[in-house]
Amino acid sequence: MPKSQKQPAAGGSAPPHLHLMQHNYFFRQLLLLLALLVSTVAWAHRPALVADQPAYEALLKRHVLPDGRVNYEGLADDEEVLMAYLQSLSSRPPLPSWSRYDQAAFWLNTYNAYTLYLAAQYYPVERLSDIKIKSVGGYRSLWDAPEVNIGGKQYTLKQIEREILPELLPNDPRRHFALHCGAASSPKLLPEAYEGNRLDAQLSLQASRFINDPVLNVLAPDSAQLSSLFDWYAADFGTPAQLLEFINRYAATGLSSSTAVSYVPYDWTLNDSRGPGVVAQRKR
């Protein structure tokens, strides 16, 4: 060994660069441990995919036509599949730790699936508004009967629409286009379930589909014949100017600030694939 090189004395301290390497190693291990811990906690609070959701989506693809009508007769034959999905929703109520979009997606799916289930239960029927369900205190409409069971609690469809969803999606009128009420003038069902991580895009898609449907809305630069849905929920869409601005975000035909707006009657006829509904009526 050259004389210029000296070995450390026995029991002496390690060179400074070794201390630095050890410090960096333990620091990296600590960061990795923290990342795994955060990931584990986030995963524990992440809403798991409902077990029967793929079967439910297959059901929608099978029985929902592109024009929005529904094969309720076929849906009634697949009652077990729909019931299994409802039971999955009931057994996994949303947690407060879920994001607002995750919770909103859950309740949108719940509303639409229960509407389909109740329509199939009472099929054939001309309008869902004709259905009267026996409840405590007498008979109630399909929307006012506490038929929705989530986590052992009973809800009505109206509660979901007017109380739960407005809290989860405040100042977001796109939620109205995501709810299906089984009518010919109703927003069309998506052939898929809503999911929190895609909900913003899904809501925009539903808004675009509804607004640009020439059967439901007739748009021209100087006049707009809009669905009564915009009139019923005018408070959510804002002033007349704000309504026009909202429609222009999604409309293929642009409206001016002076566009005259009127509202067309809402067709509550069941959007049955075997019935005429609003589609045939507009073609006369």
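Trainee: Why does Arg-174 count as buried?

Mentor: Its relative accessibility is 8%, and buried means under 20% relative accessible area, with exposed over 50% and partly exposed in between (1.4 Å probe, protein chains only). So 8% puts Arg-174 in the buried class. Before we go on: this is a predicted model, where local features need pLDDT of at least 70 and side-chain atom pairs count only at pLDDT 80 or more, while totals for chains, interfaces and linings use all residues. Residues are numbered from 1 along each chain as its sequence is written, and side-chain values use heavy atoms, leaving out hydrogens and water.

Trainee: Thanks! And what makes Arg-174 and Asp-200 a salt bridge?

Mentor: The N to O distance between their side chains is 2.8 Å. A salt bridge is a side-chain nitrogen of Lys or Arg within 4 Å of a carboxyl oxygen of Asp or Glu, so the pair qualifies. The two partners link distant parts of the chain, 26 residues apart: Arg-174 is in the loop between H6 and H7, and Asp-200 in helix H7 (helices are DSSP runs of H or I, at least four residues, and strands are runs of E, at least two, numbered from the N terminus). Through shared partners, salt bridges join Asp-172, Arg-174 and Asp-200 into one network.

Trainee: Why is Asp-200 called partly exposed?

Mentor: Its relative accessible area is 41%, so Asp-200 falls in the class between buried and exposed.

Trainee: What makes Glu-161 a case without a salt bridge?

Mentor: The nearest side chain of opposite charge, Arg-162, is 4.1 Å away (Lys and Arg count as positive, Asp and Glu as negative; His and the chain ends are not counted). That value is not within the salt-bridge limit, so no bridge is assigned to Glu-161, although this residue is buried.

Trainee: Which polar contact does the side chain of Glu-161 make?

Mentor: One with the side chain of Tyr-233, at 2.3 Å. A polar contact is a pair of N or O atoms within 3.5 Å; within protein, one must be able to donate a hydrogen and the other to accept it, and residues adjacent in sequence count only if both atoms are side-chain atoms.

Trainee: Last one: why are the buried residues of H10 said to be on the same side?

Mentor: Leu-243, Leu-244, Phe-246, Ile-247 and Tyr-250 are buried in helix H10 (residues 240–250). They cover an arc of only 160° around the axis, using directions from the helix axis to the C-beta atoms, which puts them on the same side of H10. The face turned away from that buried side carries the exposed residues Ala-241 and Arg-249.
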